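Me: Can you zoom in on a single part of this model and tell me how it sits among its surroundings? A few whole-chain numbers for context would be great too.

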Amino acid sequence: MIDVLLAQTREVDDVEAALREVLALLNLGQRLKKNSVGLLSCANAFLESGAVKAICERLPFPVVGINSLLNSTSLGALDAALLSLAVLTSDEIHFAAGLSEPLEPECRGAVIDAYLETERLLASRPALAIVQAPALASIAVGEKIARVFDEVSDSVPLFGSQAADYSTYLRAPQVIYNGEAFSDCLAMVLIEGRVQPRFDVFPVSPHKAIHQKAIVTASQGNVLMEVNGVPVLEYMESLGLCWYGHISGTHCIPIFLDRGDGNPPTARTIHSQTPEGHIVLCGDAPIDTTLGIGSLSPEDVLSTAAAVGQKAKFLRPNALVMYSCLSRNIALGLDYMAEIETLQRHLEGCVPYLFSYSSGEFCPVTRQDGRSHNEYHNMSLVTLSL
C-alpha cells in the first residue's frame, strides 16, 4: 500500500519560511513510512531563490520533479508562484531514483544507462516508472525517451512529464533531482512491489480535425518541411493559419499524424518555426504520414478535467498524479486557472492529488495489437492512480 503526504508553499523569497511550512505540512515524524520518494513541481522562482535546494536537503528521501507553468495539490492553494510536493511512502513498496547523463545530441545511450543503473538499486523488476524529462525539441526527445524506455525496460509502464517553464515562450524548463536543476538530463523513479497502477489519457479529439487531409512530402525527424509537395507554411496559409510567414497560435494547433498502422492518429504540438520556414514539431513526422489540422477549445479542456474528477470519485485511489499539457492552459486564454479550479472542485475531499502542467506527457496506451505500449503525448491530460 502507498500513502501520499502533501505540502505546498507560496514562500518564494523566504527560504526558511518555505522550509518550515513544507516540513510542518508533511509531519514526517508521525507519518513517514519505511520507504519514500518525493515528486515536486514548482515555479522557476523557487529554484532561483534556493528554496527547492533547501527543502530537498532536509528530506530523508530522494526527490525528483520539474519546474512548471502552474501546479497544485488537493491542499487547495492556488497561485502562479507555488511549490507543490507529493511524498509517496510505504512499508512494503520500494522506490529507486536516478539521474541520466545529458540527453543531447543522442539520448539513447543516456536513457539506457540511467534505467539500468536505477534498476540495480531494486531487488526485482519494477512495476512502474515515473519520469521527469527535459524539453529538448531539437531532437524530439519525448518520443525517443518513450521508445527507448520501452525497449530497455521490456515495457515497464512509464508515466511522467516534461518540464514546462513558460510565459509567452518556453523559457528555462528544468528537471529537478535532489534539489539540483538540469536542463538536459532525465530523472526517474522506479517503483517495485505489489502496485496496481491505473493510467488514463484524455487526448485532444481527432474528431476536431478538419476533414481535408494532407501528406507529409518532406521532413527531417521532427522538422516538417513540405506538405502535399508545397512548403509547409504555404499549406498552413491556405488554411488561414499563417500570416506573413508566421503561424498564429502555434501551441494551440494540434497536428494529427496518422502513420497508417491502424492506431489512432497522434497529436503533436508545433514547438516553433525555423528561419527557413519549416515547422518544428514535438515529435517526428515521417514522410508519407497523413497529416490533419485540429483545434483545442476551452470547453475541451474543462470537460476532460471534469471527467477526471468523476472517474476519481468512483475509483477512490490512495493517490492521483496528473500532468496536463501547457497547450491546454494556453487554450483557456485569460481564464488560465480554470482547469485547476475544475479539478479542485470535482476532487475536493475525494483523493489526495498532485497536478502540474507539462510540455509533453508520458503514459501507457493500449494499441491495435491489444498490448500496452509506452507513449509520448502532446495536448493531453494524463493521470496515474495508485
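Reply: **A close look at helix α1**

The buried residues of α1 pack against β1 (3-9), α2 (28-31), α3 (44-49), α4 (51-58) and β5 (83-90). Buried means under 20% relative accessible area with a 1.4 Å probe and protein chains only, with over 50% called exposed and anything in between partly exposed; a contact is heavy atoms within 4.5 Å. Bear in mind that this is a predicted model, where local features need pLDDT of at least 70, side-chain atom pairs need 80 or more, and totals for chains, interfaces and linings use all residues. Numbering runs from 1 along each chain as its sequence is written, and side-chain values use heavy atoms, leaving out hydrogens and water.

So who's tucked away? In α1 the buried set is Val15, Ala17, Ala18, Leu19, Val22 and Leu26. The helix covers residues 15-26, and its end C-alpha atoms sit 17 Å apart, which agrees with the 16 Å expected for twelve residues at 1.5 Å a residue (that is, 1.5 Å times one less than the number of residues). Just after α1, asparagine 27 has a positive phi of about 50 degrees.

Zooming out, the chain holds ten helices and 27 strands, counted as DSSP runs from the N terminus (helices H or I, at least four residues; strands E, at least two). Of its 386 residues, 57% are buried. Among contacts with a separation of 6 or more, 78% link residues 24 or more positions apart. The C-alpha atoms fit a box of roughly 65 × 45 × 40 Å along the principal axes.
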